[in-house]
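Okay, thanks everyone, let's get going. I'll put the structure up and then walk you through a few things in it.

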Amino acid sequence: MNRFEQLVKDIKDVLGPSSGLTSDDVDVEDLTHIMERYISDKKEWSMYAMEDGSLGYTRNLVDEGNGKANLLVLVWTPGKGSAIHDHGNAHCLMKILRGDLTETRYAFPNGDTEKPMEVKSEHVHKENAVAYMADELGLHQVSNRGSDYAVSLHLYTPPNVAKNGCYIFNPKTGERTHVKCGLYSSHGNRVQA
């Protein structure tokens, strides 16, 4: 078992039979520390890192844990990123496996379509950093401003977005649109569209 496989196992062990990061028996700090201790090695996770330059990013399933969480490798195309989005009432831990990713957080729109969405913060997450996100913290957008592909590992609990999709938001008006969030690959195998 390589160190990435051990990381996946350790995450599953911490989650146990619980319903995820909001469960009384799961400590978010424990999961954060487990992810922080893993030093990224491309040879260990590259089978999950499928890229597609025509997309802003790809979502590649690594593990479904206890059925109440999912672990994904996202591959970010240079100069592209996600739309502003919510997390479907789920919690997310994100570890940067390769490159740098810029996270811009926004306040939820107040219904005023005359103003652009309010930026709350912007932070560049460097390789091996771990970040936490949940709807209680607002909305966010992740982008790869570098000239090479960036890769990140995401733990979502519960896996609401995979099941039900999420909302994306127009930065100029705050108008929201529901979208499905499909997988590009599953367990190292390309999913047919």
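I'll talk about a strand, then a cavity, then the cysteines.

Just so we're on the same page, this is a predicted model.

Let's start with strand 9, residues 150-157. How many of its residues are buried? Eight of the eight, so strand 9 is largely enclosed by the rest of the structure. Now, in a regular strand the side chains alternate between the two faces of the sheet. Here, both faces are covered. On one side you've got Ala150, Ser152, His154 and Tyr156, and on the other Val151, Leu153, Leu155 and Thr157, all of them buried.

So who are the neighbours? Strand 2, which is residues 70-76, pairs with strand 9 in the antiparallel sense, over seven bridges. If you want a spot to look at, find valine 75, which sits opposite valine 151 of strand 9. Then there's strand 4, residues 91-98, and that pairing with strand 9 is antiparallel over seven bridges too. There, histidine 91 stands opposite threonine 157.

Okay, on to the cavity. The structure has one of 30 Å³ or more, and the space inside comes to about 50 Å³. Leu155, from the strand we were just looking at, is part of the lining. Which element gives the most to that lining? That's helix 1, with four residues; helix 1 runs 3-15, and strand 2 also supplies at least two. Val8, Ile11, Lys12 and Leu15 are in the lining, and so are Asn70 and Leu71. Asp63, Glu64, Gly65 and Ala69 complete the list along with Leu155. As for chemistry, the lining divides into six nonpolar residues, two polar and three charged.

Last bit, the cysteines. How many disulfides does the structure hold? Zero. Take cysteine 181 to begin with. The closest cysteine sulfur belongs to cysteine 166, and the gap is 3.6 Å. The cut-off for a disulfide is within 2.5 Å, so that 3.6 Å is too far for a bond. Cysteine 181 is buried, by the way, at 14% relative accessible area.

And cysteine 92? Its closest cysteine sulfur is also in cysteine 166, but 12 Å away, so again too far for a bond. Cysteine 92 is buried as well, with a relative accessible area of 3%.

That's what I have, happy to rotate the view if anyone wants a look.

Note on methods
Residues are numbered from 1 along each chain as its sequence is written. This is a predicted model: local features need pLDDT of at least 70, side-chain atom pairs count only at pLDDT 80 or more; totals for chains, interfaces and linings use all residues. Side-chain values use heavy atoms; hydrogens and water are left out. Buried means under 20% relative accessible area, exposed over 50%, partly exposed in between (1.4 Å probe, protein chains only). Two strands pair if DSSP finds at least two bridges between them. On a 1 Å grid over the protein atoms alone, a cavity is a set of points where a 1.4 Å probe fits but cannot get out, and a pocket is an open set with protein on both sides within 12 Å along at least five of seven lines; lining residues have an atom within 4 Å of a point. Grid points are joined across faces, edges and corners, and a volume is the space filled by probe spheres set on the points. Ala, Val, Leu, Ile, Met, Phe, Trp, Tyr, Cys and Pro count as nonpolar, Asp, Glu, Lys and Arg as charged, and the others, Gly among them, as polar.
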